[in-house]
Amino acid sequence: MQINSTGNSLFSTTYTGNTRSTPAKSAGFAAALSAAQQSPNASAASDTSQSFGTDQGTLTLDMDSYFKPGNFRPDQPLLLPTAANIQALGKSVDAHMGRFLAANNIPSAPASIRYGADGQMELPADYPYAQQFKAALAQDSVLDHELNALNGLSSQFADLEKLAPYTEALSQAKTETEAAAVFARYSYLFAPGSRSSAIELGFSADGKVTVRADGKALG
């Protein structure tokens, strides 16, 4: 997984048998996100078991278990849209995709995966194994959910990055007049027709993923 250090909804399923570590001390989403962004993820025991920032604090989650059908729980942790979480989820996708290709006798991964406005996966028109890939993925809900989650978190992260200059400038405003000027300066971010970042999951032949937003490496 390659991502620089620096629209879709938060993807949430449940987890089973994962290890809780230092919890976030504030209950709010914004506070949890801020805490997760400031605390790098610790290394984990396996490619599919990684440390994630969640709305319940930093948790070590195994993605094979987290996305397994039937593991839904009302108190499920939400993965937060941070660079570290995208990095960790990408490592799990790398490991899972390699196994998936080998198990289904698919010679190579698609060069890219996109998701349309309807949420449907889009593969390159010249990918020769498209039908085989989609048919096999329909039988592998864990990888299917991982890919959707990676796309969703990446979209949110990219959009938050676009808003960062606005939120920083707004935090420095001391009067309503200054705040109005900040909003006017960044009004294009909220204009009708403004769109979320276009996310593309790029893959090497052996299934290693790189996330791109609007054609550039995410970050």
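Is Arg212 buried or partly exposed? At a relative accessibility of 25%, Arg212 counts as partly exposed, because the buried class is reserved for residues under 20%. The legends below, which all refer to a predicted model, return to this residue in the view of its salt bridges.

**Figure 1. Overview of the predicted chain and its confidence.** The model is predicted, and its protein chain comprises six helices and eight strands, which follow one another from the N terminus in the order β-α-β-β-α-α-β-β-α-α-α-β-β-β. Of the 219 residues in the protein chain, 42% are buried. The mean pLDDT of the chain is 80, with 76% of the residues at 70 or more. Confidence is lowest in strand β1 (residues 19-20), where the mean is 38, and highest in helix α4 (residues 130-137), where it is 98. Over residues 4-27 the pLDDT stays under 50, and for this stretch the model has 75 contacts beyond four places in sequence.

**Figure 2. A salt-bridge network centred on Glu200.** Of the five salt bridges that the structure holds, two are shown here, and both involve Glu200. In one of them Glu200 is joined to Arg114, with the closest N and O atoms 3.1 Å apart. Because Glu200 lies in strand β6 (residues 199-203) and Arg114 in strand β4 (residues 112-115), this pair ties together parts that are 86 residues apart in sequence. In the other, the side chains of Glu200 and Arg212 meet with an N to O distance of 2.4 Å; Arg212 lies in strand β7 (residues 209-213), so the pair ties β6 to a part of the chain 12 residues away in sequence. Through the shared partner, Arg114, Glu200 and Arg212 are joined into one network. Glu200 counts as buried, at 14% relative accessibility, whereas Arg114, at 36%, counts as partly exposed, as does Arg212 at 25%.

**Figure 3. A salt bridge between helices α2 and α3.** The side chains of Asp64 and Arg99 form a salt bridge with an N to O distance of 3.5 Å. Asp64 belongs to helix α2 (residues 63-66) and Arg99 to helix α3 (residues 83-103), so that distant parts of the chain, 35 residues apart, are linked by the pair. Asp64 is partly exposed at 27% relative accessibility, and Arg99 is likewise partly exposed, with a relative accessible area of 40%.

**Figure 4. The five-stranded open sheet and the helix that lies across it.** The strands of this open sheet are arranged in the order β5-β4-β6-β7-β8 and pair in the antiparallel sense. Strands β5 (121-122) and β8 (216-217) stand at the edges, and since each has a single partner strand, one side of each is left without a neighbour in the sheet. Within the sheet, β4 and β6 pair antiparallel over two bridges, and Ser112 stands opposite Gly202 in β6. Helix α5 (residues 141-172) lies across β4, β5, β6 and β7, and runs at about 130° to β6.

**Figure 5. The largest nonpolar core and a second, separate one.** The largest nonpolar core has 40 residues, and those with the most contacts inside it are Phe100, Ile113, Phe133, Leu147, Leu201 and Phe203. Two or more residues are given to this core by each of the elements β3 (57-62), α2, α3, β4, α4, α5, β6 and β7. When residues up to four places away in sequence are not counted, Leu147 touches Val93, Met97, Ile113, Tyr115, Met121, Leu137, Leu201 and Phe203. A second core, separate from this one, has five residues, among them Ala169, Val182, Tyr186 and Leu189. In soluble globular proteins, nonpolar side chains tend to be buried together.

**Figure 6. The enclosed strand β2 and its hairpin with β3.** Because six of the six residues of strand β2 (residues 49-54) are buried, this strand is largely enclosed by the rest of the structure. Ser49, Ser51 and Gly53 point one way from β2, while Gln50, Phe52 and Thr54 point the other way, and all of them are buried. In a regular strand the side chains alternate between the two faces of the sheet. Strands β2 and β3 run antiparallel and are joined by six bridges, with Ser51 opposite Thr60 in β3. The two strands form a hairpin that has two residues between them.

Key:
Residues numbered from 1 in each chain as written. Heavy atoms only, no water. Salt bridge = Lys/Arg side-chain N within 4 Å of Asp/Glu carboxyl O. Helix = DSSP H or I, 4+ residues; strand = E, 2+ residues; numbered from the N terminus. Buried < 20%, exposed > 50% of the residue type's maximum accessible area, 1.4 Å probe, protein only. Pairing = 2+ DSSP bridges. Contact = heavy atoms within 4.5 Å. Axes fitted to C-alpha atoms, helices over the stretch in contact; angles between N-to-C directions. pLDDT = per-residue confidence, 0-100. Core = buried A, V, L, I, M, F, W, Y, C linked by side-chain atoms within 4.5 Å.
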